[in-house]
Amino acid sequence: MDKTSLTRRGLLAAASAGTIAAVSHSIPAYANITKKASKLAALGGRPVRKNKSWPRWPHWDQEVIDSVVKTTKSRIWCRIQSSSGTVPTFEKKFAELTGAKFCVATGSGTQALHTCVEALGIGPGDEVITSPYTDPGTIASILAARALPVLADLDRQSYQLDPADVEKKITENTRAIMPVHMMGQPCNMQEISQIARKHNLKVIEDACQAHLAEYQGKQLGTIGDVGCFSFQSSKTLACGEGGGIIGDDEELMDRCYTVHNHGTSRRGRTEVAGPKYRMNEFEAAVLLGQLSGVRERFLRRNRNAAYLTSRLKDIPGIVPQKLYEGTTSGSFYLYATSYLKEHFDGVERAKFLKAMAAEGVSLSPYIRQGLHREPWIDHILSQNVYKKMFSEQRLRSYREQCVCPNCDRVCQEMAMIWASGPLLGTTEDMADIADAIEKVYENRDQLRSI
Ligand SMILES: *Cc1c(COP(=O)(O)O)cnc(C)c1O
């Protein structure tokens, strides 16, 4: 892969201003080929992209294989067998990579988040404010501690928590905010941090999609009290199932270790209630084998995202995710856009997605509905622990607050690309994506016949 001379600040300018300054390749001459009426592939026309594959994900190479074989032969398969095994080594390297002082590896991102909730002493009777537009693991981590996940609405253009709604949802029971960096791009951390300081709340960053992304010169996960990552197969650093917590507060991170190790501290005493969430050595072996290429892949996704954004800026009906000021770079776990049907003669998104798939570029609607519309709310409201720990009035107002109209809009408008693999493609691959969107947009009068 070509080395880029780009600075990270350059990436920011490119990604947010939508310029193509960051693209080191020249744009293929056929980029304009579709600027004329042509038959949509869904109606029998020629597809924009045919018989070409996308880069596959998760990534593996000889280094990953060698690393797993080495661990197998070492007979060190569990982290407590050796202080120089793959898990402790990965923790050191991941902390270095992110700029955090400490890291505790876990068996998943959900486990990482739950460990933090417990280590911060959050439990029954406490509330944590988070997003309805996220992986179920986010709220599972709060529910596992029998605390109450309070869902605030989104900013419709960034798909991130709306800080103003977060502040409205604070009660006397609120202990923490769990901002989720959706798609791998930063939340409005400036305002969220300000709100947390003002109300004396902890901040647990759900950076499970946001490896290496940077905001105001700091990597995501290092802005709040603690930051959590997932290394599940689809994520941009992956080992099947895995997770990690990063942070600078030695005492808190030591407590995270104790909690995740069935309550047993590094001193060997069983001190608190805790689950057993240790990462195993094979998982860390895969991660160590992948680390050497992780930054290069991150830079490539950023370059490709900047190119796509620059190509899409003239198509009014497809609007890329809004990035907040202060976004130095994104992780681009997903490359997300909003499909605005008013610019497609009112045609429903389903037909647009079908037309795109026929052109050889599949976009996904991603999360069908927000977590505020899932049945877990009825479940917890019928549980004794919630009935005992919260007043009837609070549980009634909680139920009434589970309304997130902006999240509903985002779910209806989302059209995104699973980016871990595809955004590692060439500029020609990216041109195919933009050409296909352009073709469908310019021939939108045909969409109703699909
Ligand atoms: C993947 C993910 C999680 C959960 O991580 P697991 O490793 O799957 O448990 C939590 N939050 C977000 C935003 C995620 O994308």
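This passage walks through the ligand site, the aromatic contacts and the cysteines of a predicted model.

The ligand is a good place to start. It has 14 residues around it, and the closest are Gly109, Thr110, Asp206, Ser230 and Lys235. Sorted by class, that shell comes out as 9 polar, 3 charged and 2 nonpolar residues. Three of the closest residues can be followed down to single atoms. Aspartate 206 has an N or O atom in its side chain that sits 2.8 Å from a nitrogen atom of the ligand. Serine 230 and lysine 235 turn up next to ligand oxygen instead: a polar side-chain atom of serine 230 is 2.6 Å from an oxygen atom of the ligand, and for lysine 235 the distance from a polar side-chain atom to an oxygen atom of the ligand is 2.8 Å. As for how much of the ligand is covered, on its own it would expose 380 Å², and the protein buries 93% of that.

Next come the aromatic rings. Searching the whole structure turns up 14 aromatic pairs. One of them joins phenylalanine 332 and tyrosine 335, with ring centres 6.2 Å apart and planes at 25 degrees to each other; this pair counts as stacked because its angle falls under 30 degrees. Both partners are tucked away from the surface: phenylalanine 332 is buried at a relative accessible area of 5%, and tyrosine 335 is buried too, at 3%. Elsewhere, Phe90, Phe94, Phe229 and Phe231 come together as one aromatic cluster.

Arginines also meet aromatic rings in this model. Arginine 301 is placed over the face of tryptophan 57, 5.1 Å from the ring centre. A similar arrangement involves arginine 444, which lies over the face of tyrosine 441 at 4.1 Å from the ring centre.

That leaves the cysteines. The disulfide count for the structure is 0. Take cysteine 404: the nearest cysteine sulfur belongs to cysteine 407 and is 5.9 Å away, so cysteine 404 is in no disulfide, given that the two sulfur atoms would have to be within 2.5 Å. Cysteine 404 is also buried, with 0% relative accessibility. Cysteine 407, for its part, has the sulfur of cysteine 411 as its nearest cysteine sulfur, at 4.2 Å, and is likewise in no disulfide. Cysteine 407 is buried as well, its relative accessible area being 0%.

How values were computed. Residues numbered from 1 in each chain as written. Predicted model: local features only at pLDDT ≥ 70, side-chain atom pairs only at ≥ 80, totals over all residues. Heavy atoms only, no water. Phe/Tyr/Trp six-rings, centres within 6.5 Å; stacked < 30°, edge-to-face > 60°. Buried < 20%, exposed > 50% of the residue type's maximum accessible area, 1.4 Å probe, protein only. Lys NZ or Arg CZ within 6 Å of the ring centre and 35° of its normal. Near = heavy atom within 4 Å. Polar contact = N/O pair within 3.5 Å; in protein donor to acceptor, adjacent residues only side chain to side chain. Areas by Shrake-Rupley, 256 points an atom, 1.4 Å probe, with all protein chains shown as cover. Nonpolar A, V, L, I, M, F, W, Y, C, P; charged D, E, K, R; others polar.
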